[in-house]
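Here is a quick tour for anyone opening this structure for the first time. Have the sequence and the 3D view at hand, and follow along.

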Amino acid sequence: MDWGIKNRLSRIINPKTGHTVMLAVDHGYFLGPTSGLEKPDKTIEPLVPYADTLMLTRGVLRTSVKPDMDIPIVLRVSGGTSILSELSNEGITTSMEEAIRLNVSGIALSIFVGAEYERQTLLGLSNLVNEAEKYGIPVLAVTAVGKDMVRDSRYLGLASRIAAELGAHFVKTYYCDDFEQVVDNCPVPIVIAGGKKLPEPEALELAHNAISKGAVGVDMGRNIFQSEHPVAMIQAVRSIVHENATVKEALDLYNSVKAGKD
Ligand code: 5RP
């Protein structure tokens, strides 16, 4: 792998622990004003000290992240659809020049395996990798799940493997039963999305299970910023990802930060 790609990846995945806490705040690109993200700057600022990376669109980056904030960026460069339309009909929204101008550490796009526009999104990934490799920028493929897809290890394993085969440098997918098979069959690092908001103990258990079964980290959004105590929650997730904390230890940390004891 190219030196530039390795260097940028090492800003996303901490080389000391081999793990990463990515904070996903890109939801508005197809969901509009998502609950908890109505004012992205207010949501993002207190969480930045505990995140390794922010995943977002250029619009939120420009408007809601101060340029002197010390946080690597994974820029979402796909979109063009909304929750009201056929989600798989995504294209590339943001040029490579823009990504370089914004000094990002990585770029991300969604692929929709098994959906109506599967081919378009997979060729989009391949073309993006061709371009990104010219400039040493790692590509994160997000295995988005179409409306009729089951989130099981067979389907997520298929989508993750295809993403890696087409050149993605790392993959974002969902946790599922037999998750270790998804990891084993994917030759590049995997991070998991959190999905819909769960009670905090369940979200921490999800993160713990994913890390124990081989994920290098989380790219979590709603289970952090929709928590009643987002700053406590991101610290608890971080303790699992980077410090090998048990679910109980992470929950104790969540409760003590929430109570103002930490
Ligand atoms: C959508 C995304 C989102 O960033 C994402 O799903 C992660 O956030 P959450 O933890 O809320 O699921 O990539 O395709």
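## Around the barrel

Isoleucine 192 sits opposite valine 218, a residue of β10. Keep in mind that what you're looking at is a predicted model. That pair belongs to the place where β9 (190-192) and β10 (217-220) run side by side: the two strands pair in the parallel sense, with 2 bridges between them.

On its other side, β10 meets β1: 4 bridges join these two strands, and they run parallel. Here leucine 23 stands opposite methionine 220 of β10.

So which way do the residues of β10 point? Gly217 and Asp219 go one way, Val218 and Met220 go the other, and all of them are buried. That fits a general pattern: in a regular strand, side chains alternate between the two faces of the sheet.

Now zoom out. How many strands close into the barrel, and in what order? There are 8 strands, and they follow the order β1-β2-β3-β6-β7-β8-β9-β10, with parallel pairing. From one strand to the next, the twist averages 25°.

Elsewhere in the barrel, β7 (139-143) and β8 (170-173) also pair in the parallel sense, this time over 3 bridges. Leucine 140 has phenylalanine 170 of β8 as its bridge partner.

## Helices lying across the strands

Next, look at two of the helices. Helix α7 covers residues 153-165 and lies across β6 (106-111), β7, β8 and β9. Its direction makes an angle of about 160° with β8. Helix α11, residues 230-243, lies across β1 (20-24) and β10, and runs at about 145° to β1. If you've been following β10, you can now place α11 against a strand you already know.

## The pockets

Two pockets are worth finding in the 3D view. Here they are next to each other:

| Pocket | Volume | Lining residues | Nonpolar / polar / charged |
|---|---|---|---|
| Largest | about 690 Å³ | 31 residues | 14 nonpolar, 8 polar, 9 charged |
| Second largest | about 260 Å³ | 13 residues | 8 nonpolar, 2 polar, 3 charged |

To find the largest pocket, start with the residues nearest its centre: Phe30, Val145, Arg151, Tyr174 and Arg222. Which elements supply at least two residues each to its lining? They are α2 (28-31), β7, β8 and β10. Of the elements, α2 gives the most, with 3 residues. The strands in that list are ones you met in the barrel, where β7, β8 and β10 each have a place in the strand order.

For the second largest pocket, look for Pro67, Ile71, Ile73, Leu102 and Asn103, which lie nearest its centre.

## Two loop residues with positive phi

Finally, turn to a couple of loops. Aspartate 178 lies in the loop between β8 and α8 (179-184). Its phi is near 60°, a positive value in a residue other than glycine. Is this aspartate buried, partly exposed or exposed? Aspartate 178 has a relative accessible area of 37%, so it counts as partly exposed.

Asparagine 244 also has a phi near 60°, again positive in a residue other than glycine. Where does asparagine 244 lie? Look in the loop between α11 and α12 (247-258). Asparagine 244 counts as exposed because its relative accessibility is 66%, and the cut-off for exposed is over 50%.

Definitions and conventions
Residues are numbered from 1 along each chain as its sequence is written. This is a predicted model: local features need pLDDT of at least 70, side-chain atom pairs count only at pLDDT 80 or more; totals for chains, interfaces and linings use all residues. Side-chain values use heavy atoms; hydrogens and water are left out. On a 1 Å grid over the protein atoms alone, a cavity is a set of points where a 1.4 Å probe fits but cannot get out, and a pocket is an open set with protein on both sides within 12 Å along at least five of seven lines; lining residues have an atom within 4 Å of a point. Grid points are joined across faces, edges and corners, and a volume is the space filled by probe spheres set on the points. Ala, Val, Leu, Ile, Met, Phe, Trp, Tyr, Cys and Pro count as nonpolar, Asp, Glu, Lys and Arg as charged, and the others, Gly among them, as polar. Two strands pair if DSSP finds at least two bridges between them. Axes are lines fitted to C-alpha atoms, for helices over the stretch in contact, and angles run from 0 to 180 degrees between N-to-C directions. Contact means heavy atoms within 4.5 Å. Buried means under 20% relative accessible area, exposed over 50%, partly exposed in between (1.4 Å probe, protein chains only).
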